[in-house]
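Q: Could we go through this model together? I would like to start with the phosphate contacts and then move on to other parts.

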Number of protein chains: 2
Amino acid sequence: MFSFVEENYLKAIYHLSDHGNESVSTNALAEEMKTTAASVSDMIGKLSKKRVVDYQKYRGVNVSSKGKEVALQVIRKHRLWEVFLVDKLNFHWDEVHDIAEQLEHIKSPLLISKLDEFLDFPKHDPHGDPIPDENGVFATVKKIPLTELAPDTLSQVVTVNDSGTAFLKYLDKVGISIGTKIQIDDINEFDGSLDITINKQKSLTISQTAAQNILVANS
Amino acid sequence: MFSFVEENYLKAIYHLSDHGNESVSTNALAEEMKTTAASVSDMIGKLSKKRVVDYQKYRGVNVSSKGKEVALQVIRKHRLWEVFLVDKLNFHWDEVHDIAEQLEHIKSPLLISKLDEFLDFPKHDPHGDPIPDENGVFATVKKIPLTELAPDTLSQVVTVNDSGTAFLKYLDKVGISIGTKIQIDDINEFDGSLDITINKQKSLTISQTAAQNILVANS
DNA sequence: TATAGCTTTTAGATTTATCTAAAAAAAATG
DNA sequence: CATTTTTTTTAGATAAATCTAAAAGCTATA
């Protein structure tokens, strides 16, 4: 079993190593964990003894395959709890990180599988980040512009193309953010604008230009 | 702020002292916490310095008014999470204690107030224990036999009178347990039997004898 | 390639919560 | 009421995670 602190280190190493692809320096990890290089050295030694990281002195550190598994389960829990907080408790997506940071350490595989079911097996968190399954596998989804989505198909916003302030401000105003669920109700042929429903609640019309810049995935 | 361990000690002292009414011996507390008297002595000294317990050497310990507040908030969180686990995630009421024991330490007042709302402001947990409000106050509810409940009023099972095996087995079979929400739909005059709906889902008829032994509170 | 400068590790302390063993205080009993 | 028994506290150690300060190892460059 791993302590909260050990889990947080594994998660940080996983992220900083770009999903385990490159090794992480002690200093980079110290900055991420808001601690000193000395503390990081200590902890890496400990994790290495537990065989969850690969480590050689002065050569940086990376997650081992076992460590990657642990990190992915923590990430899975974090993201599922974020979905719960936003979808069920009506938190805004930018308020949930710190709470999920605590909830991710709750130990109970049954709890997580029941939570997953309760949330209807979401594939992305409210920030649009993918949620690994119980085996640590990310669903591969292809992102398409909203203009290419088939009518009456439920999708979820994954990214936006145009990250200019004006566009983001517009999205915020109409209530679209990453993770928002969108369905196309009708296409207005004369100008290509779309009548859509967001989060199964609010209906509105958006221009073809806006729709081209909203990337969605079938959810 | 209090550590998980400190919160657990305060909760244990609150319970063993019968809601703060009598002082608790070091040994009793050691047994409850599954630790040694020496560890308890240490921790009591620490809690005393933080002014959350009243303590004189060799005289036992009790929660101070500040400590009682802390304990009641932890108890509130524990019981709300139990309601969530049973009502929303379909756990059985006897599986939830250990998970709630972890969830009760999550720090976020906003989370708890939103959870409370999401659960529809429950007054009792799935074991029938009352849930203190945000000020640590227990709702005073009067328990009445189901036979005396007004029709179409939502109530919640608090206790049962007849604790014989046969009756408990019957309740289990029809899906009634402590915490179950019950509404009376109709009273059959000729034999006093009741048509009821439980948890806003399932309808059934129970005998007058059974109803007399089910104690409910307006929820 | 020698060395200055940065990174990393080690050494030694500190804090929190625990332990065992021993001492001190209180309670029970003859 | 003295003494045995039980309870409680103190003393000293341990393990986890952290810190500061100093030593050791890399690396870039002059």
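Q: First, how far is a phosphate oxygen of DNA strand D from an N or O atom in the side chain of A:Ser3?
A: The model is a predicted one. In it, the separation between a phosphate oxygen of DNA strand D and a side-chain N or O atom of A:Ser3 is 2.6 Å.

Q: And what is the distance for the side chain of A:Thr36?
A: For A:Thr36, a side-chain N or O atom is 3.4 Å from a phosphate oxygen of DNA strand D.

Q: What about B:Asn27, which part of that residue lies 2.8 Å from a phosphate oxygen of strand D?
A: In B:Asn27 a backbone N or O atom lies at that distance, 2.8 Å, from a phosphate oxygen of DNA strand D.

Q: Which residues come nearest to strand D overall?
A: There are 20 residues around DNA strand D, and those that come nearest are A:Thr35, A:Ser39, A:Lys46, B:Tyr55 and B:Lys57.

Q: What share of the strand D atoms within 4 Å of the protein belongs to sugar or phosphate?
A: Sugar or phosphate accounts for 72% of those atoms of DNA strand D, and bases make up the rest.

Q: Which helices supply the surface near strand D?
A: At least two residues each come from α1 (4-16) and α3 (37-49) of chain A and from α2 (26-32) and α3 (37-49) of chain B. The largest share belongs to α3(A), with 5 residues. By residue class, the surface near DNA strand D holds 9 nonpolar, 8 polar and 3 charged residues.

Q: Turning to strand C, which residues come nearest there?
A: Of the 19 residues around DNA strand C, the nearest are A:Tyr55, A:Lys57, B:Thr35, B:Ser39 and B:Lys46. Of the strand C atoms within 4 Å of the protein, 72% are in sugar or phosphate, with the rest in bases.

Q: How far from a phosphate oxygen of strand C are the polar side-chain atoms of A:Ser41 and A:Tyr55?
A: A polar side-chain atom of A:Ser41 lies 2.6 Å from a phosphate oxygen of DNA strand C. For A:Tyr55 the corresponding value is 2.3 Å.

Q: Which atom of strand C is 3.3 Å from the side chain of B:Asp42?
A: A base nitrogen of DNA strand C is 3.3 Å from an N or O atom in the side chain of B:Asp42.

Q: And which helix gives the largest share of the surface near strand C?
A: That is α3(B), which contributes 4 residues. The surface near DNA strand C divides into 8 nonpolar, 8 polar and 3 charged residues.

Q: New topic: how many residues of chains A and B are in contact with each other?
A: The contact involves 20 residues of chain B and 21 residues of chain A. The buried area between the two chains is about 1700 Å², and carbon and sulfur atoms give 77% of that area. In chain B, the residues that lose the most area to chain A are B:Leu89, B:Gln102 and B:Lys114, together 28% of what that side buries.

Q: How many salt bridges and polar contacts cross that interface?
A: The count of salt bridges across the interface of chain B and chain A is 0. Polar contact is found for 6 residue pairs, both residues being at pLDDT 80 or more.

Q: Which helix gives the largest share of the side of chain B that touches chain A?
A: The helix is α6(B), with 5 residues. The side of chain B that touches chain A is made up of 13 nonpolar, 4 polar and 3 charged residues.

Q: How many salt bridges are there over all chains?
A: The whole structure has 16. One pair is A:Lys11 with A:Glu104, whose closest N and O atoms are 3.0 Å apart. A:Lys11 lies in helix α1 of chain A and A:Glu104 in the loop between α5 (97-103) and α6 (109-118), so this pair ties together parts 93 residues apart in sequence.

Q: Last item: what is the strand order of the open sheet in chain A?
A: The 6 strands follow the order β3-β8-β4-β5-β6-β7, with antiparallel pairing. At the edges stand β3 (144-145) and β7 (202-206), each with a single partner strand, so one side of each has no neighbour in the sheet.

Q: Which residue takes a positive phi in the hairpin of β5(A) and β6(A)?
A: A:Gly192 does, with phi near 75°, and the hairpin has 4 residues between the strands. These antiparallel strands are joined by 6 bridges, and A:Asp186 stands opposite A:Asp195 in β6(A).

How values were computed:
Residues are numbered from 1 along each chain as its sequence is written. Chains are lettered from A and ligands numbered from 1 in the order in which they are written. This is a predicted model: local features need pLDDT of at least 70, side-chain atom pairs count only at pLDDT 80 or more; totals for chains, interfaces and linings use all residues. Side-chain values use heavy atoms; hydrogens and water are left out. A residue is near a molecule or strand if one of its heavy atoms lies within 4 Å of it. A polar contact is a pair of N or O atoms within 3.5 Å; within protein, one must be able to donate a hydrogen and the other to accept it, and residues adjacent in sequence count only if both atoms are side-chain atoms. Ala, Val, Leu, Ile, Met, Phe, Trp, Tyr, Cys and Pro count as nonpolar, Asp, Glu, Lys and Arg as charged, and the others, Gly among them, as polar. Contact means heavy atoms within 4.5 Å. Buried area is the accessible area (1.4 Å probe) that two parts lose on being put together, summed over both. A salt bridge is a side-chain nitrogen of Lys or Arg within 4 Å of a carboxyl oxygen of Asp or Glu. Two strands pair if DSSP finds at least two bridges between them.
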